[in-house]
Amino acid sequence: MTLARKYSFGLFMMAWLTGHAQPIAISTLRLQLARATADSSRSNLCYRLGEQYEQVNFDSCLYYLNKSIQISQRIHDPVATARAMYRLGQTYIYTLKDEAKAVDWFNKAILLAKASNNNACLADCYRLLAVCADHQRIGNMEELIGKAVSYAKKSNDWRILTNTYQVYCDMYVAHKNYPLAEKYSRLAMASCKPYNLDNWFTSGLDLHDLLVVQGKQAQALVLASQLASLKDKLPKTDGEFVYVNDAAKLERILKHYTNAEAILLNGIIAENQRTHPDSLHLRYFYQNLLHTYVDQGKWQKAYTYSEKLADIRLWLQQKRQTQDARLQMTQLKAALDIEKKDSQIVVLDAQRQQQRIFLIAALLVAGLLVGFIVVQRRNQKRIERQKAALTQLNATQNKLFAMLSHDLRSPVANLQSNVMLTNWGALSQQEFAESTQSLSLDIGNVTTMLDNVLSWSISQMNGIKPRVEIIKIALLIEEQMAFLTSLANAKQIQLVNNTPVDACLLADKNHLSAILRNLLQNAIKFTHAGGAVWVDFLEREGFSRLTVRDTGIGMEPQLVANLFALDKQTSRLGTNHEQGTGLGLLLVKELVEANQGHITVNSAVDEGTMFTLTFANQFGMRTGSPVL
């Protein structure tokens with residue numbers, strides 16, 4: 001933040017703390033308002049009174065600014081109305097700390113300003129809307145900055161454009177985004193140099209600090225030399241105080257410590273010779289002088305002025321306290337003989353030291369309390385996340401056990417019955433053969449089911465570690481189809497492999513076998529007798545696509561949406577009442593993704609189902625799903 005803007009804000013804080021406004025200006029404006037007859041004059045006077053009262057009486061400030069809006073609206077003056085609305089928004093941001101109301105006033109002002117092409121007001125409003133967006137982490141701050149700069153350029157007012165750039169420079173400095181801060185600092189310098197050399201000089205000092213913090217020492221030195229060449233040409237439009245501090249800072253940058261010290265000491269002497277020395281001026285003088293001594297390693301002098309600076313800061317912090325120890329000390333020194341009141345002064349000084357200790361202790365306790373609260377909240381959130389994970393895990397476990405108990409009961413019961421009948425000799429040879437065939441199918445289903453459960457459980461424990469290799473996909477498909485031939489023949493379902501003989505795929509061979517076996521078995525299960533199942537393959541540069549489609553009963557959209565969710569009931573009986581755990585497709589998805597692949601499902605009731613698997617081929621990069 002430039003010294004001129006720091007100083008302006010500091011003056012406001014001093015007036016607010018001390019209760020010293022500008023009584024003459026306020027009295028004069030109130031008298032002029034009482035005598036004014038024209039509504040345009042009354043609106044302007046109310047606006048100016050609102051500005052004056054902002055430093056001393058918030059209620060009066062809000063009253064006169066609202067009065068200015070009412071009068072301006074009555075005489076249909078959109079420029080004056082938007083100006084007062086903007087000022088209200090600024091007051092709510094910086095004085096009343098209510099950014100929600102500030103945003104409301106800025107938006108109202110923007111509507112009027114757009115209607116009247118008031119680019120200056122639009123620039124001001126969007127500039128402070130960006131500040132609010134930055135504070136509250138809402139909205140698009142970059143978009144608001146862009147609008148503010150655009151309207152500031154259209155306003156043809158260098159002050160508005162420069163102020164816009166400087167505000168955004170300060171915002172990015174606060175975020176330690178020094179490259180962007182440097183960008184807006186350079187823009188601020190360029191926009192004000194033709195009109196106000198003092199402002200350009202002060203902004204140049206800020207840019208120097210930005211270059212130093214980024215390690216651009218050479219550029220910083222060139223800039224300092226450029227500023228030094230124009231120092232004697234400054235018109236001092238911002239006042240002697242700003243000039244003295246800026247000139248001293250430049251001398252300190254150039255390591256002309258003697259010159260910097262002389263400038264600041266003369267400034268302190270001149271300030272103390274005034275009838276009412278300005279404590280804010282002295283604070284900046286002492287602070288700059290302290291940095292000068294520290295840079296030289298003059299620790300004794302630095303300590304002396306740090307004490308004076310601490311006294312001023314403490315005074316500003318404790319000004320509103322009715323029993324201020326330092327103020328009482330000053331009053332006693334002025335009213336009574338110092339020698340007779342030494343003991344009282346010592347007591348007051350001790351009280352002042354005690355207040356400092358209490359203040360530091362209070363800050364430490366507050367810091368510890370805030371830290372404890374933050375840690376407690378983090379622990380609470382971690383516990384809640386762990387609780388949610390455990391709840392999900394228990395639900396998954398219960399679901400898995402329920403499916404296993406349901407789907408294993410029937411095959412095991414059949415096996416038990418057949419063994420019992422066989423032991424009793426109650427089955428004929430033909431019945432025994434038929435029973436053996438049925439048992440073979442049941443045992444095959446149970447084996448597949450247990451394989452899926454085991455594989456899926458391993459995947460949940462991060463146990464799947466694919467060993468990628470180039471696979472002859474056509475041969476692997478034929479092997480899996482041969483394994484399922486008896487199951488397909490039992491339902492007279494045709495298995496068709498349309499994969500080219502030389503087609504290759506980059507994946508884990510065992511994983512791909514399990515994927516194909518589950519998809520083919522699933523297709524056979526849900527296809528009516530006399531149907532067909534096809535496997536197709538398509539290869540492109542960068543990816544390979546494998547599809548398994550059938551003429552089965554298909555699925556409804558809701559079932560497709562829940563197909564890969566364990567906590568959703570998706571298991572159904574096949575066309576010949578075949579059973580399953582519902583884990584087959586979950587395992588398929590786990591294995592496909594473990595091999596850097598992607599799976600999609602397309603299905604419609606009574607129109608069949610198609611599973612599409614996409615993998616990176618040996619010519620492409622291993623990514624997720626490609627853009628087809």
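What share of the 628 residues in the protein do buried residues make up? The answer is 42%. Hello everyone, and thanks for coming. Before going further, please keep in mind that this is a predicted model.

Let me stay with the whole chain for a moment. Its secondary structure comes to 24 helices and seven strands. If we take the contacts with a separation of 6 or more, 65% of them join residues 24 or more positions apart. As for the outside, the protein exposes about 34400 Å², and 55% of that is supplied by carbon and sulfur atoms.

Now, please look at helix 13, residues 240-253. From its first C-alpha to its last, this 14-residue helix reaches 20 Å, close to the 20 Å expected at 1.5 Å a residue. How many of the residues of helix 13 are buried? Twelve of the 14 are, so the helix is mostly covered. For those of you who think about charges, the buried residues of helix 13 include Asp246, Lys249, Glu251 and Arg252. Also among them are Phe241, Val242, Tyr243 and Leu250. Just after helix 13 comes Lys255, which takes a positive phi of about 65°.

Let's turn to the strands. Strand 3 covers residues 504-507, and both of its faces are covered. On one side sit Cys504 and Leu506, on the other Leu505 and Ala507, and all of these are buried. Its partner here is strand 1, residues 469-472, and the two pair in the antiparallel sense over four bridges. Within this pairing, Ile470 stands opposite Leu506.

Strand 1 also holds Lys472. Is Lys472 buried or partly exposed? With a relative accessibility of 48%, Lys472 is partly exposed, because that class lies between the 20% and 50% limits. Setting aside neighbours within four places in sequence, the contacts of Lys472 are Asp502, Ala503 and Cys504. Take Cys504 from that list: 32 residues separate it from Lys472 in sequence, while their C-alpha atoms are 4.8 Å apart in space.

My last stop is on the surface. Which residues form a nonpolar patch there? They are Leu369, Phe372 and Ile373, and together they have about 290 Å² of accessible area. Ile373 belongs to helix 18, residues 342-424. Its relative accessible area is 32%, so Ile373 counts as partly exposed. That value also matters for the patch, because a patch residue needs over 30%.

That's my tour, and I'm happy to go back to any of these places on the screen.

Notes
Residues are numbered from 1 along each chain as its sequence is written. This is a predicted model: local features need pLDDT of at least 70, side-chain atom pairs count only at pLDDT 80 or more; totals for chains, interfaces and linings use all residues. Side-chain values use heavy atoms; hydrogens and water are left out. Patches are made of residues with over 30% relative accessible area and no salt bridge: like charges are joined within 9 Å, nonpolar side chains (Val, Leu, Ile, Met, Phe, Trp, Tyr) within 5 Å. Accessible areas come from the Shrake-Rupley method with a 1.4 Å probe; for residues, only the protein chains shown count as cover. A salt bridge is a side-chain nitrogen of Lys or Arg within 4 Å of a carboxyl oxygen of Asp or Glu. Buried means under 20% relative accessible area, exposed over 50%, partly exposed in between (1.4 Å probe, protein chains only). Two strands pair if DSSP finds at least two bridges between them. The expected span of a helix is 1.5 Å times one less than its number of residues. Contact means heavy atoms within 4.5 Å.
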